Amino acid sequence: MAGSRQSKAPSKSLHRRDQQARDAQTGDRVTLIAIGILVAVAILVAAGVVWGIVLPPRAHILTVGSQEFTAADAEKRATFLVSGNSQLTEDPVTAAVNMIKRDETLLQVGASEVGEITADDLTKAIKKRLGAADDTDSKTYNVAYAEFLKGTNLDKPTFERLVRAQVISERLGSKLQAAAGDAGPQFHLLGVTSRDQTKLKQFRDAVTGGADFVTTALSLGFATNPQQVDVGWILPPTTAGFFKDVVQPEKLQAGQTTEVLVRENGLQYDVYRMVEREDKRAYTDDQKTELGGRLVDAWVLEQQKDKVKVAEDISDGERRWILKRVSAAAQKLSEQRAKANGGKSSVPGGVPPISATVVPSGAK
């Protein structure tokens with residue numbers, strides 16, 4: 001560096017060298033400051049990448065018994081549920097988290113209640129979900145299974161863990177339902193839904209005044225056939241939501257009609273009539289399956305909470321990250337299906353759905 005060596009030059013020259021040295025030192029300081037700024041920016045950018053891309057999927061959000069789960073685990077299940085067109089009653093993140101809680105409880109303590117699940121049992125269950133016959137040959141099955149996995153965001157071990165949990169749920173549900181009996185309380189309802197609140201009020205006034213419920217619904221255009229008005233026989237609702245909390249069928253007597261009921265989004269309105277109710281009506285096969293699922297939920301929530309400890313610590317940021325990823329995946333899937341249908345929109349489908357039975361929100 002200038003000024004660092006001995007010199008026999010006159011004082012003017014020495015002064016010039018000193019000035020050059022000072023200038024060089026100033027330049028070095030500026031360079032160091034600039035480098036420092038660049039390093040700081042790089043650190044901030046890297047931090048942004050870490051917090052925005054790396055950490056969220058790796059962030060721990062849930063522990064169920066002996067198993068821990070990250071935001072990426074929840075995102076995979078949420079995307080799978082949405083792509084499978086499952087009837088979710090909760091937002092995808094909550095549904096995915098509750099699905100993990102339920103499945104892991106079944107896997108960790110439910111398996112001992114239903115006997116061994118062999119490799120053949122698992123294959124048979126997967127074939128059922130693929131829509132393949134039990135006697136499908138192994139080559140055809142393997143090809144179909146591989147193609148199915150390509151169309152999902154789940155790896156094979158995760159998917160088979162989901163299926164195994166469902167097999168346990170089905171077996172346990174049948175066991176619990178059999179113990180509960182073959183008959184129980186049921187309601188037979190009629191109902192119409194519309195976005196036209198005024199027209200629906202006119203409908204209610206007419207039917208409470210003596211007009212036939214089904215005939216009036218058809219004449220006013222609320223339905224195109226009687227089957228769309230007849231809800232049929234249903235089990236008393238047990239899961240929090242519109243039907244249990246707003247319709248409240250258990251409070252309706254035979255022949256009684258509800259007020260015009262507004263749904264949460266304020267865009268749809270309903271009117272229901274209790275046709276008849278029975279305290280001990282024989283269950284259909286579908287109702288037995290539904291009841292079995294409800295009993296499994298109760299078993300998971302009430303009887304296993306002390307055996308399988310659950311700790312949830314998902315943050316708002318992690319929840320937003322998951323929803324953003326699920327939203328992007330859903331948009332991509334919608335575009336793919338529209339393209340496959342020649343640009344026409346379609347009801348999401350095509351992916352054999354895993355049922356979205358979840359532990360009700362609020363369960364910890």
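In which sense do β1 and strand β2 pair, and over how many bridges? The points below take up this question and then the rest of the predicted model.

1. **The β1–β2 pair.** Strand β1, residues 60–64, and strand β2, residues 67–70, pair in the antiparallel sense over 4 bridges. Within this pairing, V64 has Q67 of β2 as its bridge partner. The two strands form a hairpin with 2 residues between them. In the turn, G65 has a positive phi of about 60°. S66 also lies in the loop between β1 and β2, and it counts as exposed because its relative accessibility is 60%. From S66 to Q108 the separation is 42 residues in sequence, while their C-alpha atoms are 8.3 Å apart in space.

2. **The other partner of β1.** Strand β1 is also joined to strand β7, residues 310–312, by 3 bridges, and these two strands run antiparallel. Here L62 stands opposite E312 of β7. Strand β1 is mostly covered, with 4 of its 5 residues buried.

3. **Overall composition.** The protein chain has 11 helices and 7 strands. Of its 364 residues, 35% count as buried. Among the contacts in the chain with a separation of 6 or more, 70% are accounted for by residues 24 or more positions apart.

4. **Helix α2.** Helix α2 covers residues 71–83. At 1.5 Å a residue, its 13 residues should span 18 Å, and the end C-alpha atoms are indeed 18 Å apart, which agrees. Of these 13 residues, 10 are buried, so α2 is largely enclosed by the rest of the structure. The buried residues include the charged-letter positions E75 and R77, as well as F80 and L81.

5. **Aromatic pairs.** A search of the whole structure finds 7 aromatic pairs. In one of them, the rings of Y141 and Y145 have their centres 5.6 Å apart and their planes at 25°; the pair is therefore stacked, the limit for stacking being under 30 degrees. Y141 and Y145 lie 4 residues apart in helix α5, residues 138–150, and so are separated by about one helical turn. Both of these tyrosines are buried.

6. **From α5 to α6.** The rings of Y145 and F159 have their centres 6.0 Å apart and their planes at 50°, so this pair is tilted. It links distant parts of the chain, since Y145 is in helix α5 and F159 in helix α6, residues 156–180, with their positions 14 residues apart in the numbering. Y145 counts as buried at 5% relative accessibility, and F159 is buried with a relative accessible area of 2%. One aromatic cluster is formed by F80, Y141, Y145, F148 and F159; F80 is also among the buried residues of α2.

7. **Charges over rings.** The charged end of K127 sits over the ring of Y141, 5.6 Å from its centre. A second case involves R263, whose charged end sits over the ring of F242 at 4.2 Å from the ring centre.

8. **Nonpolar cores.** The largest nonpolar core has 43 residues, and F159 and I322 are those with the most contacts inside it. The elements giving two or more residues to this core are β1, α2, α3, α4, α5, α6, α10 and α11. Helix α3 provides the largest share, 10 residues. A second, separate core has 13 residues, including V192, V214, V229 and Y269.

9. **The four-stranded sheet.** An open sheet is formed by 4 strands in the order β4-β3-β6-β5, with antiparallel pairing. Its edge strands are β4, residues 230–234, and β5, residues 261–262, each of which pairs on one side only. Strand β5 is joined by 2 bridges to strand β6, residues 269–282, and the two run antiparallel. V262 has Y269 of β6 as its bridge partner, and Y269 is also one of the residues of the second core.

How values were computed. Residues numbered from 1 in each chain as written. Predicted model: local features only at pLDDT ≥ 70, side-chain atom pairs only at ≥ 80, totals over all residues. Heavy atoms only, no water. Expected span 1.5 Å × (residues − 1). Buried < 20%, exposed > 50% of the residue type's maximum accessible area, 1.4 Å probe, protein only. Phe/Tyr/Trp six-rings, centres within 6.5 Å; stacked < 30°, edge-to-face > 60°. Lys NZ or Arg CZ within 6 Å of the ring centre and 35° of its normal. Pairing = 2+ DSSP bridges. Core = buried A, V, L, I, M, F, W, Y, C linked by side-chain atoms within 4.5 Å. Contact = heavy atoms within 4.5 Å.
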